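Please load the model in a viewer and keep the selection panel at hand. The stops below are meant to be followed in order.

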Amino acid sequence: MGYDVTEVLAAGLSAARTRVNVLAANIANAETTRTAEGGPYKRRDVVQVANTSQSSFSSVLDQMTLAKPSIDRVVTDETPGRLVYQPGHPDANKEGFVTYPNINVVSTMTDLTAASALYQANVAALQASRQMNEAARNISTPQ
């Protein structure tokens, strides 16, 4: 038996929440030049996968599948950070450059907006699914 709609939507909510949290952490650390690991904060990305399974509707609609999203892992982006000339900064190198995180705040905010919208869409779909299930339970069968 395949995934049901509620299970897929709940997994989507969880995946979207993880994506929002990772993006928010990236924005919060966009100016962090020193971490416990040493050096500037490094941008993190979410790797999401879709686990497919035959739907319970497959007997009626051939080839219908529901994909259940899940987070495979959170990876660290190893691209070099941006160098800014700030000779008075405590983390400046010998030439006076400070390495800032490899985070583009504008594109990260755009990604965060999209992830938030996806989360809200999953909430709305979950509510609609619950309402449809409730309405289906209230349908009376003919005598």
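**A tour of charged pairs and one buried position**

Begin by selecting K42, which is partly exposed, with a relative accessible area of 32%. The coordinates on display belong to a predicted model.

Next, add E78 to the selection. The side chains of K42 and E78 form a salt bridge, with an N to O distance of 2.8 Å. K42 sits in the loop between helix 1 (5–28) and strand 1 (44–54), while E78 sits in the loop between strand 2 (65–76) and strand 3 (82–85); the pair therefore ties together parts that are 36 residues apart in sequence. E78 is exposed, its relative accessible area being 53%, whereas K42 is partly exposed. As general background, side chains of opposite charge can pair when their charged atoms come close.

Clear the selection and choose R43 together with D45. These two side chains meet in a salt bridge of 2.5 Å, taken from N to O. Both ends may be coloured by accessibility: R43 is partly exposed at 22% relative accessibility, and D45 is partly exposed at 26%. The value for R43 may be read against the cut-off, since buried means under 20% relative accessible area.

Now extend this selection by D77. The residues R43, D45 and D77 are linked in a network of salt bridges.

For the following stop, move to helix 2 and select E134 and R137. The closest N and O atoms of this salt bridge are 2.8 Å apart. E134 and R137 are 3 residues apart in helix 2, so about one helical turn separates them. In terms of accessibility, R137 counts as exposed at 59%, and E134 is partly exposed with a relative accessible area of 39%.

How many salt bridges does a search of the whole structure find? The search returns 8, among them the pairs visited above.

Remain in helix 2, which covers residues 105–137, and select N122. Is N122 buried or exposed? With a relative accessible area of 10%, N122 is buried, because this value falls under the 20% cut-off.

To conclude, display the surroundings of N122. Which residues is N122 in contact with, leaving aside its neighbours within four places in sequence? The contacts of N122 are L9, G12 and L13. Showing these three residues together with N122 completes the tour.

Methods. Residues are numbered from 1 along each chain as its sequence is written. This is a predicted model: local features need pLDDT of at least 70, side-chain atom pairs count only at pLDDT 80 or more; totals for chains, interfaces and linings use all residues. Side-chain values use heavy atoms; hydrogens and water are left out. Helices (H or I, at least four residues) and strands (E, at least two) are DSSP runs, numbered from the N terminus. Buried means under 20% relative accessible area, exposed over 50%, partly exposed in between (1.4 Å probe, protein chains only). Contact means heavy atoms within 4.5 Å. A salt bridge is a side-chain nitrogen of Lys or Arg within 4 Å of a carboxyl oxygen of Asp or Glu.
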